[in-house]
Amino acid sequence: MEFQKTAFKDLIICTPKVFEDDRGYFYESFNAKAFHSFAGFEPEFVQDNQSQSTYGVLRGLHFQIGEFAQSKLVRVVAGEVLDVVVDLRKNEPTYKKAYSIHLSAENKKQLFVPKGMAHGFVTLSDTATFIYKCDNYYNKESERGLAYNDPSLQIDWLLDKQDVILSEKDKENTMLADLPSNLF
């Protein structure tokens, strides 16, 4: 596995070494020792989640606060998404900044998203299957949402606004300026 740092502390791109032949392919999707050797810490994943979405579905930007804050290792096993994070860690130089990356079944890249970041994605293919590991359990009372279309974030979701499909819950997400600055 190859690891790549980003400008955001502990936001790490993970690209597996893929072994292909006439039967198909094999790759190791996570190795705790290799991750620890690169990152200097080792997440303990306790929950795996999977979603399937159609073109234009935008899920996010979600995060959990307090004792239920989560780090995630996210990937796509079918289709393609634009994956986006926003840093909500007040003491980081990337505070209130967004980062995006294409994740797809084809490129097999993964993104490790540390605690303190809002996370979301939009489906760019006809359908996409999205899988992620979490180092903490989901807790409804700790869940929060950041508005995907907050103008201060200047996120290019690569879709026309009329093509974006949101859940009713995500339509109510908060603007960045309205979030408390001491979340993380």
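**Entry 1. D126**

I began with D126, which counts as exposed because its relative accessibility is 66%, over the 50% limit. The model I am reading is a predicted one. I located D126 in the loop between strand 11 and strand 12. I then looked up a contact in space for this residue: D126 and G56 are 70 residues apart in sequence, yet their C-alpha atoms are 8.5 Å apart.

**Entry 2. Backbone geometry**

I recalled that most residues other than glycine have a negative phi, and that most peptide bonds are trans. I therefore listed the exceptions that came up.

- I found a cis peptide bond from G60 to L61, with omega near 0°. L61 belongs to strand 6.
- I noted a positive phi of about 65° at D10, which is not a glycine. D10 sits in the loop between strand 1 (2-5) and strand 2 (12-15). I classed D10 as partly exposed, since its relative accessibility is 27%.
- I noted a positive phi of about 70° at K96, again not a glycine. The loop between strand 8 (80-87) and strand 9 (98-104) holds K96. With 40% relative accessibility, K96 is partly exposed.

**Entry 3. Largest pocket**

I next looked up the largest pocket and recorded a volume of about 450 Å³. Which residues lie nearest its centre? They are R59, H62, K72, Y132 and E143, out of a lining of 25 residues. I listed the elements that give two or more residues to this lining: strand 5 (47-54), strand 6 (58-64), strand 11 (117-123), strand 12 (127-134) and helix 2 (168-171). Strand 6 contributes the most, with 5 residues. I sorted the lining of the largest pocket by class and obtained 10 nonpolar, 10 polar and 5 charged residues.

**Entry 4. Largest cavity**

I searched for enclosed space as well. The structure has 1 cavity of 30 Å³ or more. I recorded about 50 Å³ of space in the largest cavity. Its lining consists of H62, F63, Q64, Q70, K72, G116, M117 and F184. I asked which element gives the most to this lining. Strand 6 does, with 3 residues. By class, I counted 3 nonpolar, 4 polar and 1 charged residues around the largest cavity.

I compared the two linings by name. H62 and K72 are among the residues nearest the centre of the largest pocket, and H62 and K72 also line the largest cavity. Strand 6 is the leading contributor to the pocket lining and to the cavity lining.

**Entry 5. Aromatic rings**

I ran a search of the whole structure for aromatic pairs and obtained 13. One of them joins F35 and F41: the ring centres are 5.6 Å apart and the planes stand at 80°, so I entered the pair as edge-to-face. The angle decides this, because planes over 60 degrees apart count as edge-to-face. I then checked the accessibility of both partners. F35 is buried, at 0% relative accessibility, whereas F41 is partly exposed, with a relative accessible area of 26%. I also found that F35 and F41 belong to one aromatic cluster, together with F3, F30, F38, F45 and F112.

I looked for charges over rings and noted the following cases. The charged end of K5 sits over the ring of F38, 5.9 Å from the ring centre. F38 is itself one of the cluster members. The charged end of K108 sits over the ring of Y25, at 4.4 Å from the ring centre.

**Entry 6. Cysteines**

I asked how many disulfides the structure holds. The count is 0. Why is C14 without a bond? The closest cysteine sulfur to that of C14 is in C134, 15 Å away, which is too far for a bond. The cut-off for a disulfide is 2.5 Å between the sulfur atoms. Seen from C134, the entry reads likewise: C134 is in no disulfide, and the nearest cysteine sulfur is that of C14, at 15 Å. I asked whether these cysteines are buried or exposed. C14 is buried, with a relative accessible area of 2%, and C134 is buried as well, at 0% relative accessibility.

Notes
Residues are numbered from 1 along each chain as its sequence is written. This is a predicted model: local features need pLDDT of at least 70, side-chain atom pairs count only at pLDDT 80 or more; totals for chains, interfaces and linings use all residues. Side-chain values use heavy atoms; hydrogens and water are left out. Rings of Phe, Tyr and Trp (its six-membered ring) pair if their centres lie within 6.5 Å; planes under 30 degrees apart count as stacked, over 60 as edge-to-face and the rest as tilted. Buried means under 20% relative accessible area, exposed over 50%, partly exposed in between (1.4 Å probe, protein chains only). A charge sits over a ring if NZ of Lys or CZ of Arg is within 6 Å of the ring centre and within 35 degrees of the ring normal. On a 1 Å grid over the protein atoms alone, a cavity is a set of points where a 1.4 Å probe fits but cannot get out, and a pocket is an open set with protein on both sides within 12 Å along at least five of seven lines; lining residues have an atom within 4 Å of a point. Grid points are joined across faces, edges and corners, and a volume is the space filled by probe spheres set on the points. Helices (H or I, at least four residues) and strands (E, at least two) are DSSP runs, numbered from the N terminus. Ala, Val, Leu, Ile, Met, Phe, Trp, Tyr, Cys and Pro count as nonpolar, Asp, Glu, Lys and Arg as charged, and the others, Gly among them, as polar.
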